[in-house]
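Visitor: Please choose one part of this model and take me through it closely, saying how each term is meant as you go.

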Amino acid sequence: MTASAASISGGADHGARHVAIIMDGNGRWAKGRHLPRAVGHQRGVEAVRVLARAARSMGLEALTLYAFSSENWRRPADEISDLMGLLKRFIRSDIEEFVANGVRLKIIGDYRALSADIVALLDDALARTAGNRGTTLVIALNYGSQAEIARAAAAAAAKGPITPETIEAELDTADLPPLDLLIRTSGEVRLSNFLLWQAAYAEMVFTDVLWPDFTPAHLEEALAAFARRDRRYGGR
């Protein structure tokens, strides 16, 4: 860990409330080690678990993770099955820890289009953590930002005039702090239909680190970089 990252451990100085991460590189991590792609996804889930535990100590109010996009349905059926199995195991194994540590789980995206057993697990986890007041762990499942914006605009239009404020009030993230920092791992430099509206004035960090290798120390370094930026929101 760098000195600058160490100085913000605990979240006292970086100023970020909401961080989002495009978790990329599981497949390349596995390929580079001559392992099945499924092993990369398993290690990716472990990285999620470790980072979720660290988020509260870093002072984050919300951590949003891009777990499964609406475009990911194009992947091979066996890979989708592996991902859904990992999701079920993650919820079953970690829900008690969420409850004990005050973590609120939130899902964005059309998760109700997933299989009935997954929906039931998620509904139970959401209900059991709804009153928690610690860090909110946001999982984007069957999520696409363009579809989210279209839904929000339609909902806003049904209630009255369409303005940026009325659309924002209908977004999946309406109850979260504004997005401060968006991170993408694995060296790719694009948003891939993730939080397009919310990222309008977010700072961005792109790292070559593959997601299974991404640690709390890497997040601290990104937060240190965020703390050094001058956010002018279009002003001078």
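Guide: A residue is called buried when its relative accessible area is under 20%, exposed when over 50%, and partly exposed in between (1.4 Å probe, protein chains only). Helices (H or I, at least four residues) and strands (E, at least two) are DSSP runs, numbered from the N terminus. The model is predicted, so local features need pLDDT of at least 70 and side-chain atom pairs count only at pLDDT 80 or more, while totals for chains, interfaces and linings use all residues. Residues are numbered from 1 along each chain as its sequence is written, and side-chain values use heavy atoms, with hydrogens and water left out.

The part I would choose is helix α8, residues 216–228, in which Leu 219, Glu 220, Ala 222, Leu 223, Ala 224, Ala 225 and Phe 226 are buried. Taking 1.5 Å times one less than the number of residues as the expected span, the 13 residues of α8 should cover 18 Å, and the 19 Å between the end C-alpha atoms agrees with this.

In the loop between β6 (203–206) and α8 lies Asp 213, which forms a salt bridge (a side-chain nitrogen of Lys or Arg within 4 Å of a carboxyl oxygen of Asp or Glu) with Arg 33, the closest N and O atoms being 3.7 Å apart. Arg 33 sits in the loop between α2 (26–32) and α3, so that the pair links distant parts of the chain, 180 residues apart. Asp 213 is partly exposed, at 30% relative accessible area, and Arg 33, at 39%, also counts as partly exposed.
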